[in-house]
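Work through these exercises with the structure open beside you. Try each task before reading its solution.

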Amino acid sequence: MKAVEARQLVKVYRSRRKSTTALRGIDLDVSAGKLFSFLGRNGAGKTTFVKIASTLLMPTGGEISVLGHDVVNDPNSARKEIAVVPQGIRPYWHLTPKEHVFHYLRFRGVTREEAKSRTEWIIRDMGLEEFANTPALQLSGGLKQRTMVAMVLASTAPVLFLDEPTIGMDPMARRQVWRVIENIRSKGSTIFLTTHYLDEAERLSEELAVINNGEVLYKGDVAGMKAKVGADYRAILNRSTPHSLLEGYGKVMEDGGRLLVLSDRKGVMSLAEMASREGIEVSVGPVSLEEAFILLAGSDSRTWEEGEEDGF
Ligand SMILES: Nc1ncnc2c1ncn2[C@@H]1O[C@H](COP(=O)(O)OP(=O)(O)OP(=O)(O)O)[C@@H](O)[C@H]1O
Ligand SMILES: [Mg+2]
């Protein structure tokens, strides 16, 4: 059985003035027990999908189920299987991290004893011990977010929807959250993750999809998405590098004020040799998920060789 299954899911937000189509017939399958990343630019429709799947918003059309429960017709059964960190969630100012977790678990029907031990576990594993009894009012932004994520992860619900869970966290805190997420997944929960941190998605995802403007652009996994680039390696060079020097090494493109040359391992190695002869700085390595994402979903990156068919 699929953890999440969507068929031709449509969402149109209507107000008196205008209507916005956020989802244009999404077909999506998320395998149970996997970590699935849902990627896309701002406004692509990720949060809309998460809200519908987690019973917080009604779709305009199509079907969606969570672990076989129809989200629209039987939301109560679906709700028993899920927990969600909505985008932009805020803590209660006067409650401490410990109180957030404990009361949330009690609210979900967890026994007092179990709630106590799970609260201790998550506070420790999320690195919140030092702040366990501090009112949220006095916590930093990243610690507030960590509290909200801890609260929801402690549910160990069969399907966890995490909409940008690590936003605003420092690199160490993010890694701490990744470890807890991996621990919970290893116990059988499905994790449905949205994130703009592509290193995070690359590190954690077993399955992923990319949406753009309410449509699925890619479904598969990290390796499959990178393979779509049509090159395994890339070299990064300063924008001022003369283009004539780069001819013949691979596909050259602009990326945020630098130059990317996409090629195979041999190609980037010989480019690196040339660069060292010419005294040009270069950094070479495998194509990252972030680069693959920019190529797939970015409209402001462009290839120089117009009309070339390889890659996206
Ligand atoms: N309540 C709403 N009323 C009207 N339009 C909305 C509403 N919520 C979202 N939208 C629109 O729906 C589209 C999808 O928004 P959504 O929040 O799902 O994007 P997202 O992929 O989560 O983006 P982000 O990465 O910025 O969080 C956008 O065009 C947005 O403006
Ligand atoms: Mg969003």
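## Exercise 1: Helix H3 against helix H5

In this predicted model, Pro97, His100, Val101 and Tyr104 of H3 touch Thr147, Ala150 and Met151 of H5. Sort this contact by residue class, then describe how H3 and H5 cross.

**Solution.**

Step 1. Sort the residues. The contact of H3 with H5 has five nonpolar, two polar and no charged residues.

Step 2. Fit the axes. Two packed helices are described by the angle between their axes and the distance between the axes. For H3 (residues 97–107) and H5 (residues 141–153), the axes come within 8 Å and cross at roughly 25°.

Step 3. Name the arrangement. Angles under 35 degrees count as roughly parallel. H3 is therefore roughly parallel to H5.

Step 4. Add the hand. H3 and H5 make a right-handed crossing.

## Exercise 2: Helix H3 against helix H4

Find the angle and axis distance at which H3 and H4 pack. Then list the residues of H3 and H4 that meet.

**Solution.**

Step 1. Take the geometry. H4 covers residues 112–125, and H3 packs with H4 at about 140°, their axes 9 Å apart.

Step 2. Classify the angle. Over 145 degrees would count as roughly antiparallel. H3 and H4 are therefore oblique to each other. Their crossing is right-handed.

Step 3. List the contact. H3 gives Pro97, Lys98, Val101, Phe102, Leu105 and Arg106. H4 answers with Ala115, Lys116, Arg118, Thr119, Ile122 and Ile123.

Step 4. Count classes. Seven residues in the contact of H3 with H4 are nonpolar, one is polar and four are charged.

## Exercise 3: The sheet of four strands

Which strands stand at the edges of the open sheet of four strands?

**Solution.**

Step 1. Write the order. The sheet runs S12-S13-S11-S14, with antiparallel pairing.

Step 2. Pick the ends. S12 (251–255) and S14 (282–286) each have a single partner strand, so one side of each lacks a neighbour in the sheet.

Step 3. Check the turn. Ignoring direction, neighbouring strands are turned by 25° against each other on average.

Step 4. Look at one pair. S11 (residues 233–238) and S13 (residues 258–263) run antiparallel and are joined by six bridges. Asn238 stands opposite Arg258 in S13.

Step 5. Add the helix. H9 (residues 265–278) packs on this sheet and touches S11, S13 and S14. The direction of H9 makes about 25° with that of S11.

## Exercise 4: The sheet of six strands

In what order do the strands of the six-stranded open sheet lie?

**Solution.**

Step 1. Trace the order. It is S6-S7-S8-S3-S9-S10, and the pairing is mixed.

Step 2. Mark the edges. S6 (82–85) and S10 (215–220) each pair on one side only.

Step 3. Check the turn. The average between neighbouring strands is 15°, direction ignored.

Step 4. Look at one pair. S6 and S7 (residues 159–163) run parallel, joined by four bridges. Ala83 stands opposite Leu160 in S7.

Step 5. Add the helix. H10 (residues 289–297) packs on this sheet, touching S3 (35–39), S9 (207–212) and S10. The direction of H10 makes about 35° with that of S9.

## Exercise 5: The shell around ligand 1

Which element gives the largest share of the shell around ligand 1?

**Solution.**

Step 1. Collect the shell. Residues around ligand 1 include Tyr13, Thr20, Ala22, Lys46, Thr47, Thr48 and Gln87.

Step 2. Assign elements. S2 (19–31) and H1 (46–53) each give two or more residues. H1 has the largest share, three residues.

Step 3. Sort by class. The shell has three nonpolar, eight polar and one charged residues.

Methods. Residues are numbered from 1 along each chain as its sequence is written. Chains are lettered from A and ligands numbered from 1 in the order in which they are written. This is a predicted model: local features need pLDDT of at least 70, side-chain atom pairs count only at pLDDT 80 or more; totals for chains, interfaces and linings use all residues. A residue is near a molecule or strand if its C-beta atom, placed from the backbone, lies within 6 Å of it. Ala, Val, Leu, Ile, Met, Phe, Trp, Tyr, Cys and Pro count as nonpolar, Asp, Glu, Lys and Arg as charged, and the others, Gly among them, as polar. Axes are lines fitted to C-alpha atoms, for helices over the stretch in contact, and angles run from 0 to 180 degrees between N-to-C directions. Angles under 35 degrees count as roughly parallel, over 145 as roughly antiparallel, 65 to 115 as roughly perpendicular and the rest as oblique. A crossing is left-handed if the near helix is turned anticlockwise from the far one by less than a right angle, and right-handed if clockwise. Two residues are in contact if their C-beta atoms, placed from the backbone, lie within 7 Å. Two strands pair if DSSP finds at least two bridges between them.
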